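Visitor: Please take a close look at the salt bridges here. Which side chains pair, and where do they sit?

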Amino acid sequence: MDIAQIILVILMAVSLSACAGIRAFLPPLALSLLAWGGYVTLAPQFAWLARWDVALLFGIAAVLEIVADKYPGVDNMLDAAGLVVKPLAGALLASSVITGMDRCSR
């Protein structure tokens, strides 16, 4: 893996993590759909993200998150839960796209 690919993978991981800080389930949905379509290569441990049922689950969660955001009481509960869920989603996204770092050549 050359330096340009390493930089691209790191930038992709940081960007996905940052997006998870805004919406917890929309970036995992996008990554799941991209992996399912073969546009993104995932680490072998995260191959389960490329399954259609996982994409469906993230899609339902994303729609529920967006709809629930419109109701003040539910929005406050989502913000509280987001203190735990959003960092975990960001870590999941970042670690799933970082592949091939053990084979880096100097």
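Guide: The salt bridges come first, then a nonpolar patch on the surface. This is a predicted model, where local features need pLDDT of at least 70, side-chain atom pairs count only at pLDDT 80 or more, and totals for chains, interfaces and linings use all residues. Residues are numbered from 1 along each chain as its sequence is written, and side-chain values use heavy atoms, with hydrogens and water left out.

Side chains of opposite charge can pair when their charged atoms come close. A salt bridge here is a side-chain nitrogen of Lys or Arg within 4 Å of a carboxyl oxygen of Asp or Glu. The whole structure holds 2 salt bridges.

One joins R23 to D69, at 3.1 Å from N to O. R23 lies in the loop between α1 (3-20) and α2 (26-36), and D69 in the loop between α3 (52-68) and α4 (72-97), so the pair ties together parts 46 residues apart in sequence. Helices are DSSP runs (H or I, at least four residues), numbered from the N terminus. R23 is partly exposed, at 21% relative accessibility. D69 is partly exposed too, at 25%. Partly exposed falls between buried (under 20% relative accessible area) and exposed (over 50%), with a 1.4 Å probe and protein chains only.

D53 and R51 form a salt bridge as well, their closest N and O atoms 2.8 Å apart. D53 is partly exposed at 32%. R51 is partly exposed at 43%.

Now the patch. L33, W36, W52, L56, I60 and L64 make a nonpolar surface patch of about 690 Å². Patch residues have over 30% relative accessible area and no salt bridge; nonpolar side chains (Val, Leu, Ile, Met, Phe, Trp, Tyr) are joined within 5 Å, like charges within 9 Å. Areas come from the Shrake-Rupley method with a 1.4 Å probe; for residues, only the protein chains shown count as cover. α3 gives the most, with 4 residues.

Note on methods. Helices (H or I, at least four residues) and strands (E, at least two) are DSSP runs, numbered from the N terminus.
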